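Please walk me through this structure, from the contacts with DNA to the strands of the sheets. I would like the terms explained as they come up.

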2 protein chains.
Amino acid sequence: MSISRPPMNIGAVERDTGLGKDTLRVWERRYGFPTPARDAHGERLYSAEQVERLRLIKRLIDQGHRPGRLIGAGSEELTLLSAQSATTTAMPTPPGDIAVTTDDTPASAPSTASAAVSPLIDRVLAQVRGHDLPLLRQTLNQAMLRQGLHRFVVETVGPLNVAIGEAWMRGEIEVFEEHLYTEQITTLLRQAMASLPPAASAPRIVLTTVPDELHTLGLLMAQALLALDGASCIPLGTQTPLFDIAMAAKAHQAHIVALSFSASFPTRQVAPLVAQLRDMLPAQTELWIGGGGSERARAVSGVRVLSSLDAALVALDDWRRNAVLESATLAA
Amino acid sequence: MSISRPPMNIGAVERDTGLGKDTLRVWERRYGFPTPARDAHGERLYSAEQVERLRLIKRLIDQGHRPGRLIGAGSEELTLLSAQSATTTAMPTPPGDIAVTTDDTPASAPSTASAAVSPLIDRVLAQVRGHDLPLLRQTLNQAMLRQGLHRFVVETVGPLNVAIGEAWMRGEIEVFEEHLYTEQITTLLRQAMASLPPAASAPRIVLTTVPDELHTLGLLMAQALLALDGASCIPLGTQTPLFDIAMAAKAHQAHIVALSFSASFPTRQVAPLVAQLRDMLPAQTELWIGGGGSERARAVSGVRVLSSLDAALVALDDWRRNAVLESATLAA
DNA sequence: GTGCATTTTTGTCCAGGACAAAATACGTTG
DNA sequence: CAACGTATTTTGTCCTGGACAAAAATGCAC
């Protein structure tokens, strides 16, 4: 790759890494990293290497690590990352225990991430790296047909997402390859949903994300499962302003509003945003929160946190049972 | 709509309106608008009304108006907007002439936006406002089947997008209704593309947007047309970092890279970004730029600006003719 | 009108200070 | 020794007010 990578200014770095300008400047002041060069006017110029490193740090922070420790380290992060992330991503990331266990012999644990969960996953990873789009499409399509939509989403796509993310961290996969993969899965899931029967009038569920949250994949997976179970989904795409989510719920008389927060969504904003939306919604409208960042909404009352994809189906089941009960009560 | 709309802090306003924190503060300093209240700690609190107005101003700026004039005005903007935007959106927005023509009698011109271009469009608008998702789906689906993919995209979806945008400006449509519409079109187009034959090996085209640009609809429309014409499209979704776009083009040996810039993309960044990407790409790889913000890349050399959807097809045609010529030359 | 120079407009960047909420450490008690 | 409440550290975001360059508009000579 003989392409030259020119340095970027602070705005470009913000766009590329998702780290705010204020954050970048305050890190420089506090931790002495990054150390961008300056142009003729005294403006910061970040080298491609530093941006790359910032991206990595961002992902690790999203997994529960803390900036102070990450920035000090040199390259042992690379060890920390691939080893630890595999074991912790499934759970709500037990805070603090991560860096402490560094004292153990790193190679001792049986948690070496790449322990192939399934040959299918390895195959897909290889094909993503190989840039063979038709082949990748075929593989995924076949897997879906063989497993059925439910198992495909839960057992294949979920783990695949994790595997892709980890492979990126290990430097085995490029961002554009990740994008290609995401796009393929998106196409596939939408295609599958299009072929479902036109949706009964079961619970109406509004699905969307708040502004600044643009990860759709998790939401799409949930939508697929819910639609498969006969719920009538009303997708609003991404980045719907809070007030508009509330209006949409009213307009469509939704029984449920389902939001997705990815792990990379600004930690602090999740709880206030969710609480605010909860306030705007009618009391009988349920509010479900899913995705890697959903744990941060745990404290908010009147909200159901879905910690896995299957949890969404359980919630759907609960809702239906509840609905039956209520109508029975009303009838009596 | 009895829902209370609590005031927002500056970060939330940035997310909701797309106006940067710096911009919001500097407007306040210079123009005396907005005038947010302050909380106990001296932090800005924007009222829902001001945010609404900011959203409107943002859209007008995206159409070529200038902040200085917009912010001074009271509600005559509402006139300016609906009347003028209809006539100018199609063209590259002749700069400056807009506000000048205010001297004319406003009602005289035959440019009243809502002059129903097609009954279909009015029907769709009504259905979007009516929140009847199944009906909307059916209408769009039928239109596509009747017109065929090409005509549907060019003659229906394009004008519809404009009509929806204008209806929003006139306050006739809410953001969430716009979202629902967008989502439906997206589903429909993807569905149509899925049913196309698996793509020949004609020119390989990488399609994506740069970071911070998340409007996919235009890109998707282009992709639909190109795929329909037998090009083999490699979609990377949105927000691919520049360097990764270049890497993707190399990895897939793409003949063409196609980017989309919406009108709301920060004006100043378009030209530098495009120039930078042009530098990274191999000389023989063509770079096509489309969308409402593409005119801003006109100055960059070695780039093809597509000012309409049909222009993409012309470009495709040109490329193919050129390819034939070259191979003939090589053979001779 | 057309082309060029000048002025205005406008978005983005900078420094360095401040503060609250979250995360962590600590000390006490059952 | 575990549980729990209280200090302390960490960390992201917001503040003010100044500066500057690129784009847009204006003025001016031809």
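The paragraphs below take up the DNA strands, then the sheets, then one residue of a helix.

This is a predicted model, in which local features need pLDDT of at least 70 and side-chain atom pairs count only at pLDDT 80 or more, while totals for chains, interfaces and linings use all residues. Residues are numbered from 1 along each chain as its sequence is written, chains are lettered from A and ligands numbered from 1 in the order in which they are written, and side-chain values use heavy atoms, with hydrogens and water left out.

DNA strand C is surrounded by 24 residues, of which the closest are A:Lys21, A:Arg25, A:Arg44, A:Arg66 and B:Arg30. A residue is near a molecule or strand if one of its heavy atoms lies within 4 Å of it. Sugar or phosphate accounts for 70% of the atoms of DNA strand C within 4 Å of the protein, and bases for the rest. By class, this surface has 12 charged, six polar and six nonpolar residues. Here Ala, Val, Leu, Ile, Met, Phe, Trp, Tyr, Cys and Pro count as nonpolar, Asp, Glu, Lys and Arg as charged, and the others, Gly among them, as polar.

Both protein chains supply helices to the surface near DNA strand C: H1 (10-17) and H2 (21-31) of chain A, and H2 (21-31) and H4 (67-72) of chain B, each give at least two residues. Helices (H or I, at least four residues) and strands (E, at least two) are DSSP runs, numbered from the N terminus. H2(B) gives the most, with six residues.

Several polar contacts reach the phosphates of DNA strand C. A polar contact is a pair of N or O atoms within 3.5 Å; within protein, one must be able to donate a hydrogen and the other to accept it, and residues adjacent in sequence count only if both atoms are side-chain atoms. An N or O atom in the side chain of B:Tyr31 is 2.9 Å from a phosphate oxygen of DNA strand C, and for the side chain of B:His41 the distance to a phosphate oxygen is 3.0 Å. At A:Gly11, a polar backbone atom is 3.5 Å from a phosphate oxygen of this strand.

DNA strand D also has 24 residues around it, and A:Trp27, A:Arg30, B:Arg25, B:Arg44 and B:Arg66 come nearest. Of its atoms within 4 Å of the protein, 68% belong to sugar or phosphate and the rest to bases. The residues of this surface divide into six nonpolar, six polar and 12 charged. A phosphate oxygen of DNA strand D lies 2.7 Å from a polar side-chain atom of B:Arg44, and another such contact, at 3.5 Å, involves the side chain of B:Asn9 and a phosphate oxygen. B:Arg29 instead has a side-chain N or O atom 3.1 Å from a base nitrogen of DNA strand D. Two or more residues of the surface near DNA strand D come from each of H2 and H4 (67-72) of chain A and H1 (10-17) and H2 of chain B. H2(A) gives the most, with six residues.

The sheets come next. In chain A, five strands form an open sheet in the order S4-S3-S5-S6-S7, with parallel pairing. Its edge strands are S4 (232-235) and S7 (304-305), each of which pairs on one side only. Two strands pair if DSSP finds at least two bridges between them. S6(A) (residues 286-290) is joined to S7(A) by two bridges, and A:Trp288 has A:Arg304 as its bridge partner in S7(A).

Chain B has an open sheet of five strands in the order S4-S3-S5-S6-S7, with parallel pairing. S4 and S7 (304-305) of chain B each have a single partner strand, so one side of each is left without a neighbour in the sheet. Within this sheet, S3(B) (residues 204-208) is mostly covered, with four of its five residues buried. Buried means under 20% relative accessible area, exposed over 50%, and partly exposed in between (1.4 Å probe, protein chains only).

S3(B) runs parallel to S4(B) (residues 232-235), and four bridges join them; B:Leu207 stands opposite B:Pro235. Together with helix H10 (residues 217-228) of chain B, these two strands make a right-handed β-α-β unit. A crossover is right-handed if, with the strands pointing away from the viewer, the path from the first strand over the helix to the second runs clockwise. S3(B) also pairs with S5(B) (residues 256-260) over four bridges, where B:Val206 has B:Val257 as its partner. B:Val257 in turn stands opposite B:Leu287 in S6(B).

The last stop is A:Asn141, found in helix H8 (residues 133-147) of chain A. A:Asn141 counts as partly exposed because its relative accessibility is 27%. Leaving out residues up to four places away in sequence, A:Asn141 touches A:Leu188 and A:Gln191, where contact means heavy atoms within 4.5 Å.
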